[in-house]
Amino acid sequence: MMKIAVFASGSGSNFQAILDEIKRGKLEAEVVLLVCDRPGARVVERAQKENIPVFEFSPKEFSSKAAFETLILRQLEQYGVNYVVLAGYMRLIGETLLTACPERIINLHPSLLPAFPGKDAIGQAFRAGVKVTGITIHFVDAGMDTGPIIAQQSLEVEDTDTPETLAEKIHQLEHAYYPHVLQSLFQKRKLEV
């Protein structure tokens, strides 16, 4: 069974969706660690409720990204993490983690990359007036949402959509699709070993 660390910064709805699918037996993985760069975020409460170890940190308290990523790396090693799963982690991954975890850091992005990378992808898509948007699951590299794409899922933008309704539709798609793609990836990697 794959041991995963989830990195999150906010409410943790995708973190919860992953946990729910594990409990249903649809995702053969174990969340062994939550890494959160915003102490006190709602996702921390979710992890504590499930007795999942939490590594919270405030980036401002470190002299560099390498300094806090070195501590994160120690945590990943301590818990025997196979994959890092980003779920609303609003921070670029640096060289320290990228070097230590090649093709083992997975991100979920709320657009059909390469369109609308970076922050506020849903708002960018809405303002651009696109008729189709969606989500992308990809491996993380040194660029801004430029890593190799694992899977994408699209959805139509209705004329009646607002930024809020579009965001809700995207989140529902994320919650359903991300755990499914993780399961497929983990199964494939298990067969390759």
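Which backbone oxygen does the side chain of T136 reach at 2.6 Å? This tour of a predicted model comes to T136 at its second stop; residues are numbered from 1 along each chain as its sequence is written. Local features need pLDDT of at least 70, side-chain atom pairs count only at pLDDT 80 or more, totals for chains, interfaces and linings use all residues, and side-chain values use heavy atoms, with hydrogens and water left out.

**Stop 1: K3**

Select K3, which is found in strand β1 (residues 2-8). Helices (H or I, at least four residues) and strands (E, at least two) are DSSP runs, numbered from the N terminus. K3 counts as partly exposed, at 33% relative accessibility. On this scale, buried means under 20% relative accessible area, exposed means over 50%, and partly exposed lies in between (1.4 Å probe, protein chains only). Now add V81: 78 residues separate K3 and V81 in sequence, yet their C-alpha atoms are 5.0 Å apart in space. Leaving aside neighbours within four places in sequence, K3 is in contact with E30, V32, Y79, G80, V81, N82 and Y83. Contact means heavy atoms within 4.5 Å.

**Stop 2: T136**

Go next to T136 in strand β6 (residues 132-139). T136 is buried, with a relative accessible area of 0%. Show its side chain together with S111 and L113. The side chain of T136 reaches the backbone oxygen of S111 at 2.6 Å, and the backbone nitrogen of L113 at 2.9 Å. Both are polar contacts, a term for a pair of N or O atoms within 3.5 Å; within protein, one must be able to donate a hydrogen and the other to accept it, and residues adjacent in sequence count only if both atoms are side-chain atoms. Not counting residues up to four places away in sequence, T136 touches N107, L108, H109, S111, L112, L113, I149, A151 and Q152.

**Stop 3: the loop between β5 and α5**

From L113, step to P114, which is found in the loop between β5 and α5. A cis peptide bond joins L113 and P114, with omega at about 15°. F116 is found in the loop between β5 and α5 as well. F116 is not a glycine, but has a positive phi of about 55°. With a relative accessible area of 18%, F116 is buried. Most residues other than glycine have a negative phi, and most peptide bonds are trans.

Two other residues can be selected for their phi angles. E103, in the loop between α4 (95-100) and β5, is not a glycine and has a positive phi of about 50°. E103 counts as partly exposed at 43% relative accessibility. G25, just after α1, takes a positive phi of about 80°.

**Stop 4: N107**

Select N107 in strand β5. Is N107 buried or exposed? At 10% relative accessibility, N107 counts as buried. Its side chain is joined to that of D145 by a polar contact of 3.3 Å. Not counting residues up to four places away in sequence, N107 touches L86, T136, I137, H138, V140, D145 and Y178.

**Stop 5: the largest pocket**

Display G88, Y89, M90, L108 and P110, which lie nearest the centre of the largest pocket among its 35 lining residues. About 790 Å³ of space lies in this pocket. On a 1 Å grid over the protein atoms alone, a pocket is an open set of points where a 1.4 Å probe fits, with protein on both sides within 12 Å along at least five of seven lines; lining residues have an atom within 4 Å of a point. Grid points are joined across faces, edges and corners, and the volume is the space filled by probe spheres set on the points.

Colour α1 (13-23), β5 (105-109), α5 (121-128) and α6 (163-192): each supplies at least two residues of the lining. In α1, N14, F15, Q16, A17, I18, L19 and E21 are buried.

**Stop 6: the cysteines**

Finish with C36 and C101. How many disulfides does a search of the whole structure find? The search finds zero disulfides (a disulfide being a pair of cysteine sulfur atoms within 2.5 Å). C36 is in no disulfide, and the nearest cysteine sulfur, that of C101, is 18 Å away. C36 is buried, with a relative accessible area of 0%. C101 counts as buried at 6% relative accessibility.
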